[in-house]
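Student: I should like to learn how to read a protein model, one feature at a time. Could you guide me through this one?

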Amino acid sequence: MVTLAEVAQHAGVSASTVSYVLSGKRSISAGTRERVEHSIRELGYHPNAGARALASNRSNIIALMVPLRTDMYVPVMMEIAIAVATTARTHGYDVLLLTGEEGPDAVRRVTSSGLADGMILMDVELDDERLPLLRGGAGQGRPGGEQEQPAVLIGLPSDTSGLTCVDLDFRATGALCVDHLAALGHRDVAVIGEAPAVYERHTGFAERTLDGLRSRGRELGLRLLHRPCAGGYDATAVTLARILDERPDTTGFVVQNESAVEPLLALLRQRGRAVPEDVSVVAVCPEQVAVQASVALTSVALPAQEMGRGAVERLVAKLEGRDGDEVVLLAPELTVRASSGPAPA
């Protein structure tokens, strides 16, 4: 590997001058800077990341916590993660991906070791046990004596005080789905939700969607039935049979479970219920899932890339001292396609 001393010898300057060019800590004449930068390119010199981190007390790394659970739709999580990684690079940051279900232990490990300058947390629960560590005192024992770990959540807990959050407004999303079905004359609506474990953990996006569905349903006088579903054909078949046994007059479905979308459409066909002539289906899902379904789905898309980019932009602003805590909720947009129509007479 090329050393800093070799760059200095090639450029005909001192090693300290090369260091100043790299760090920008001192003013260097244009001619000298050009010679040093030419030598860096000519020799293919890359500064040692560890040495730079020690010198600047910065790692230029963002830690991204993405617990990969079997009950979550991983493609959406990965789309957000890719948006975080690509946006971080435009700001000069690399991303450290933490995929385990370690909870507070992972936060402590990152903050106490100085592995990352800031954190982005996903899969946020309403009463997430990681959050007290981010509201103050998480950095005790860190190099430099910092008392806080700059962080942004992609998700919304029940208490957002002292936190920065970026998320789709899932409560408004649920209300928007109910508004659409009610306007079409549907009065009995069933919600096929995420896997039971998602609600047992009180995961924010699922709970908030359900809250929006129920609140608007009560306002509009709809009969709303919610049933969690593990997804896949067999589980969806059991869930649908249970719904139609309890509420045989159901004419509207809201699906917030990507792995239940295609099984539901197939099962409705098997039961002789045409979509949208007999029943309407509205989904909260990625755009790709909606447009590639066997019946193009009326849906509220998940703005994965916008959430990932927004989280990085706000974290970088916090790291640079340009921004405080805030909650950013992206407004939902419902796209009408072939799966929804007027309720049957």
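Tutor: We shall go from the whole chain to single helices, side-chain pairs and one residue; please keep in mind that the model is predicted.

Student: Let us begin with the overall form. How many helices and strands does the protein chain have?

Tutor: The secondary structure is the usual starting point. In the protein chain there are 13 helices and 12 strands.

Student: What radius of gyration does the protein chain have, and what would a compact globule of 345 residues have?

Tutor: The protein chain has a radius of gyration of 26 Å, whereas a compact globule of 345 residues would have one near 20 Å. The box around the C-alpha atoms, taken along the principal axes, is roughly 85 × 40 × 30 Å.

Student: How much of the protein chain is buried, and how much area does the protein chain expose?

Tutor: Of the 345 residues, 49% are buried. The exposed area is about 15,800 Å², and carbon and sulfur atoms supply 50% of it.

Student: Which share of the contacts joins residues at least 24 apart in sequence?

Tutor: One counts contacts between residues at least 6 apart in sequence; of these, 75% join residues at least 24 apart.

Student: Now to a single helix. How does the reach of α9 compare with the expected value?

Tutor: The reach runs from the first C-alpha to the last. Helix α9, residues 204–220, has 17 residues and reaches 24 Å, close to the 24 Å expected at 1.5 Å a residue. Just after α9 comes Gly-221, which takes a positive phi of about 75 degrees.

Student: Which residues of α9 are buried, and against what do they pack?

Tutor: The buried residues of α9 include Phe-205, Ala-206, Leu-210 and Leu-213. The buried residues of α9 pack against the helices α7 (170–183) and α8 (196–200), and also against the strands β6 (188–192), β7 (223–227) and β8 (252–255).

Student: Helix α7 appears in that list. What can be said of α7 itself?

Tutor: α7 has 14 residues and reaches 20 Å, close to the 20 Å expected at 1.5 Å a residue. Among the buried residues of α7 are Phe-170, Cys-177, Val-178 and Leu-181. Gly-185 follows α7 and has a positive phi, near 95 degrees.

Student: How many aromatic pairs does the structure hold?

Tutor: For such a pair one reads the distance between ring centres and the angle between planes. The structure holds one aromatic pair. Phe-170 and Phe-205 form this tilted pair, 5.6 Å centre to centre, with 50 degrees between the planes. Phe-170 lies in helix α7 and Phe-205 in helix α9, so the pair ties together parts that are 35 residues apart in sequence. Phe-170 is buried, at 6% relative accessible area, and Phe-205 is buried as well, at 18%.

Student: How many salt bridges does a search of the whole structure find?

Tutor: The search finds 17 salt bridges. One of them joins Arg-69 and Asp-123, whose closest N and O atoms are 1.9 Å apart. Arg-69 lies in the loop between β1 (61–65) and α5 (74–90), and Asp-123 lies in the loop between β3 (118–121) and β4 (151–154), so the pair ties together parts that are 54 residues apart in sequence.

Student: Are Arg-69 and Asp-123 buried or exposed?

Tutor: Arg-69 counts as buried at 14% relative accessibility, and Asp-123 counts as buried at 7%.

Student: Where do Asp-105 and Arg-108 lie?

Tutor: Both lie in helix α6 (residues 104–113), three residues apart, which is about one turn of the helix. Their side chains meet in a salt bridge at 3.2 Å, N to O. Asp-105 is partly exposed at 49% relative accessibility, as is Arg-108 at 43%.

Student: Finally, a single residue. In which helix is Ala-88 found, and which residues does Ala-88 touch?

Tutor: Ala-88 is found in helix α5, and Ala-88 is buried, with a relative accessible area of 0%. Leaving aside residues up to four places away in sequence, Ala-88 touches Ile-62, Tyr-93, Val-95 and Val-312. Ala-88 and Val-316 are 228 residues apart in sequence, yet their C-alpha atoms are 8.4 Å apart in space.

Technical notes: Residues are numbered from 1 along each chain as its sequence is written. This is a predicted model: local features need pLDDT of at least 70, side-chain atom pairs count only at pLDDT 80 or more; totals for chains, interfaces and linings use all residues. Side-chain values use heavy atoms; hydrogens and water are left out. A salt bridge is a side-chain nitrogen of Lys or Arg within 4 Å of a carboxyl oxygen of Asp or Glu. Helices (H or I, at least four residues) and strands (E, at least two) are DSSP runs, numbered from the N terminus. Buried means under 20% relative accessible area, exposed over 50%, partly exposed in between (1.4 Å probe, protein chains only). The expected span of a helix is 1.5 Å times one less than its number of residues. Contact means heavy atoms within 4.5 Å. The radius of gyration is taken over C-alpha atoms; the globule rule is 2.2 Å times the number of residues to the power 0.38. Accessible areas come from the Shrake-Rupley method with a 1.4 Å probe; for residues, only the protein chains shown count as cover. Rings of Phe, Tyr and Trp (its six-membered ring) pair if their centres lie within 6.5 Å; planes under 30 degrees apart count as stacked, over 60 as edge-to-face and the rest as tilted.
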